[in-house]
Amino acid sequence: MNKVGQTAWHINPDHPILLADWAPSNGEASEVIAYHSATGDTHLITPEGAQILDIIQNHSGTISADEITEKFRTLLADPEAEFDSSDIIEAFLVPFRNLELIEESAQ
Amino acid sequence: MTMSDTSISEITQKLNNDGLCLHTGPFSIRVRSEIPEVAEGIHRFYSSYPTHDTDFCDFHIGIHSPGGLRRWFRPQVNFELDGLIPFKPMPKEQAFATFEWGYNYCISSYAHQYLIIHAAVVEKYGQAVIMPAQPGSGKSTLTAALVSRGWRLLSDELTLIPIEARDSVIPITRPINIKNASIEVMKNFAPQAHFGPVVADTAKGTVTHMKPTSESIARINDPAQQRLIVFPRYQRGSQTRLSQRSKARAFMEMAQQSFNFNILGKTGFDILYNTVDQCACYDFGYSQLEEAMELFEALIEQQAGTP
């Protein structure tokens with residue numbers, strides 16, 4: 001494990017993220033609504049992003065980027081997909097932090 | 001008792017004294033004003049609405065001259081809500097439009113027993129079509145055209161979804177605000193409709209109002225079932241086209257067009273999810289009203305399962 005992978009993340013349980021999605025039709029890409037109950041902001045995110053938020057939200061307390069990555073890998077249909085925690089941080093965790101959907105915990 | 005039993009002199013007298021109680025669906029208002037344009041507008045557009053004195057009114061509205069030199073020099077009016085003045089004064093010629101816009105402000109600012117969306121609503125066969133749109137999209141023109149062809153008007157501006165009955169839409173049937181080039185378009189399209197005076201140089205350009213049909217007003221207490229969400233867009237010269245919009249993107253636009261989605265928090269989220277979930281969602285582009293009428297008729301017949 002590297003230091004980056006041990007960064008810890010959480011969602012304030014007092015201000016949960018509400019997710020909503022519908023089955024896509026006409027071959028359109030699937031999208032998920034993420035509503036932040038603290039800020040009232042609504043975002044359109046990918047299904048993979050919603051899975052990441054779900055992992056963090058369903059974890060009690062903080063969860064490391066490495067743990068998120070492993071849980072996400074088990075959810076994917078393609079277990080051979082190559083990515084590591086730095087990819088997850090760059091693609092999901094940092095953007096979500098910038099949107100104030102998740103918080104990075106102090107180490 | 002309806003306003004049709006009340007003469008304009010009686011309306012003027014009530015407006016000048018204790019106020020006129022007007023029942024517009026879910027809201028009762030008491031209006032006070034010494035401005036003749038307000039009395040004329042209420043007489044013209046609200047003649048079929050119920051009126052009877054009541055101890056409780058949701059909003060106490062005043063349209064008054066600010067006094068001083070402005071009573072004679074470029075006269076203005078203030079909109080007052082419960083004695084407070086939330087806006088800058090408007091030219092006196094715009095007194096009735098100020099009343100209408102101010103009433104919208106009252107509802108959108110305080111009626112949080114509803115999820116309120118900036119959207120027109122019309123109904124046919126018991127099925128409501130919700131039409132959210134940005135200003136300038138042709139929403140009111142399309143609404144007015146549909147109403148002139150027999151659709152029931154619930155609102156040209158505010159969609160009210162009750163927290164306690166979230167499958168329905170509540171009517172707040174009032175005059176349709178028509179702007180700029182749409183005024184002539186609608187006068188040609190629906191010459192039988194009743195229009196008010198045309199007022200130039202308002203914040204929204206040149207405006208007039210079109211009276212809702214008697215049938216729409218008679219059913220002002222009759223909710224409709226949510227069925228379709230259509231995002232209209234007028235584009236000069238464009239072909240009539242209807243394309244499905246994803247529910248996620250419909251949700252995003254509806255949330256952006258809502259006045260109180262954030263105020264209602266999780267309740268607002270749940271109500272909007274329910275609405276989007278049970279409605280088919282479409283983008284609709286048009287430039288020809290006749291073609292738009294045909295398409296809407298076919299769409300609602302398909303939804304209602306009529307032949």
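**Cysteines**

I started with C281(B) in this predicted model. Its sulfur has its closest cysteine sulfur in C279(B), 6.4 Å away, which is too far for a bond. I checked the pair from the other end. From C279(B), the closest cysteine sulfur is that of C281(B), again at 6.4 Å and too far for a bond. The cut-off for a disulfide is 2.5 Å between the sulfur atoms, so the 6.4 Å between C279(B) and C281(B) does not qualify.

Are these two cysteines buried or exposed? I found C279(B) buried, at 1% relative accessibility. C281(B) is buried too, with a relative accessible area of 3%.

I then searched the whole structure for disulfides. The count is zero over all chains.

**Aromatic pairs**

Next I looked at the rings. I noted 23 aromatic pairs over all chains. One of them is W22(A) with Y273(B), which is stacked. I read 4.8 Å centre to centre and 15 degrees between the planes. Planes under 30 degrees apart count as stacked, so the label follows for this pair.

Where do the two partners lie? W22(A) is in the loop between β2 (17-21) and β3 (32-36) of chain A. Y273(B) is in helix α9 of chain B, residues 266-278. The pair therefore joins two chains. I also looked up the exposure of each partner. W22(A) counts as buried, at 12% relative accessibility. Y273(B) counts as partly exposed, at 28%.

I turned to a pair within chain B, F79(B) and F87(B). This one is tilted, with 40 degrees between the planes and 5.7 Å centre to centre. F79(B) is buried at 1% relative accessibility, whereas F87(B) is partly exposed with a relative accessible area of 33%.

**Aromatic cluster**

Which residues form one aromatic cluster? I listed F27(B), F45(B), Y46(B), Y49(B), F59(B), F96(B), F99(B), Y103(B) and Y114(B).

**Charges over rings**

Last, I looked for charged ends over ring faces. In chain A, I found R73(A) with its charged end over the ring of F83(A). The distance to the ring centre is 4.5 Å. In chain B, R245(B) lies over the face of F231(B). Here I noted 3.8 Å from the ring centre.

Conventions. Residues numbered from 1 in each chain as written. Chains lettered and ligands numbered in written order. Predicted model: local features only at pLDDT ≥ 70, side-chain atom pairs only at ≥ 80, totals over all residues. Heavy atoms only, no water. Buried < 20%, exposed > 50% of the residue type's maximum accessible area, 1.4 Å probe, protein only. Phe/Tyr/Trp six-rings, centres within 6.5 Å; stacked < 30°, edge-to-face > 60°. Helix = DSSP H or I, 4+ residues; strand = E, 2+ residues; numbered from the N terminus. Lys NZ or Arg CZ within 6 Å of the ring centre and 35° of its normal.
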